[in-house]
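Work through the exercises below with the sequence and the 3D structure at hand. Try each task before reading its solution.

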Amino acid sequence: MLDTFFSSARAVPQLLLDAVLPPQCLACNAAVGAPGNLCPECFSAFNFITAPMCRACGVPLEGVAGDELVCGACAHEPQVFGQARAAFLYESGSRALVLKLKHGDRTDAAAHLARWLARAGGPLLERCDVIAPVPLHRWRLFMRTYNQSALLANALGKLTGKSVRADALVRIKATRSQGGLDRRARRRNVARAFSVRRPAAVEGRHVLLVDDVLTTGATANACAQVLLDAGAAGVDVLALARVPHPGRVSS
Ligand SMILES: [Zn+2]
Ligand SMILES: [Zn+2]
């Protein structure tokens, strides 16, 4: 009863805002025709990922075609996860949107972004039994008050009807930011950083791991490893954005 009262009380200001303010572009806050859209300028600056791409990690491959291609990095060292897909490239045109979600300026965007995830995830979503976000360490969660990947995972679950276990994984090591680290350093940084908190939630099930940004795949691989060790039938990864050339990481 009280819960209902408080959630209704919280909903009122948003409803009022929606009625007073025109819908805003997800990335730059310019007025747009309908909620959940990008303005024409941002739309042209976004690179949504389409085929051809690496069958494993989903990085776009230029000038080649085929469904079974793998990129150099995956050929050199196979990923632990099955397949990864992302909605758009993480670069100058799209960075602002990802950062706004991360820093809590546009948490309202999650429901709209879930549609982009669903489009990019296609077959990965079809075969998944449970959606699990990449967790934040509790200190970072405390500082930021919410986990942007859990926000995306919950919105995706609501959209698709798939079950979401935000508590399936836990980050047991407060790792430093992956920014500026190369592939090997990233892998070292996240080694033994995760643990499965709810083995029963993933045992024998196909898990779809949700993250905001996919870079080298080091975090996704570390999560996939503990999930597979706990008996998951398979692990795929779905991210909002991915770095185009993981070998050249600048952020
Ligand atoms: Zn815009
Ligand atoms: Zn690849």
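The exercises go from the whole chain to the sheet, the core, one helix and some backbone details.

This is a predicted model, in which local features need pLDDT of at least 70 and side-chain atom pairs count only at pLDDT 80 or more, while totals for chains, interfaces and linings use all residues. Residues are numbered from 1 along each chain as its sequence is written, and chains are lettered from A and ligands numbered from 1 in the order in which they are written.

**Exercise 1. The whole chain**

Task: State how many helices and strands the chain has, and what percentage of its residues count as buried.

Solution: Begin with the DSSP runs, numbered from the N terminus: helices are H or I runs of at least four residues, and strands are E runs of at least two. This gives 10 helices and seven strands. Next, apply the burial rule: a residue is buried if 20 or more other C-beta atoms lie within 10 Å of its own, exposed if 12 or fewer, and partly exposed in between, with C-beta atoms placed from the backbone. Of the 251 residues, 35% count as buried.

**Exercise 2. The sheet**

Task: Find the order of the strands in the open sheet and name the edge strands.

Solution: Two strands pair if DSSP finds at least two bridges between them. Five strands then line up as β1-β7-β6-β2-β3, with parallel pairing. The edges are β1 and β3 (163–164), each of which pairs on one side only. At one edge, β1 and β7 share five bridges, and F88 has A241 in β7 as its bridge partner. At the other, β2 (130–133) and β3 share two bridges, with V130 bridged to S163. As for burial, five of the six residues of β1 are buried.

**Exercise 3. The core**

Task: Identify the helix that gives the most residues to the largest nonpolar core, then list the contacts of L117.

Solution: A nonpolar core is a set of buried Ala, Val, Leu, Ile, Met, Phe, Trp, Tyr and Cys residues joined through C-beta atoms within 7 Å. The largest one has 64 residues, and L117, L152, V207, L209, C223 and L240 touch the most other members. Helix α5 (110–127) contributes the most, with eight residues. For the second part, two residues are in contact if their C-beta atoms, placed from the backbone, lie within 7 Å. Leaving aside neighbours within four places in sequence, L117 is in contact with A87, L152, L156, L238 and L240.

**Exercise 4. Helix α4**

Task: Why do the buried residues of α4 lie on the same side of the helix?

Solution: First list the buried residues of α4 (92–102): S94, L97, V98 and L101. They lie on the same side because they cover an arc of only 95° around the axis, the arc being that of the directions from the helix axis to the C-beta atoms. Then look for what covers them: β1 (84–89), α7 (148–160), β6 (206–214) and β7 (234–242) are among the elements that do so.

**Exercise 5. Backbone details**

Task: Locate the cis peptide bond and describe the phi of G104 and of N29.

Solution: The bond from A51 to P52 is cis, with omega near 0°, and P52 sits in the loop between α2 (40–45) and α3 (72–76). Just after α4, G104 has a positive phi of about 85°. N29 is not a glycine, yet its phi is also positive, at about 75°. N29 belongs to the loop between α1 (2–20) and α2. With 15 other C-beta atoms within 10 Å, N29 is partly exposed.
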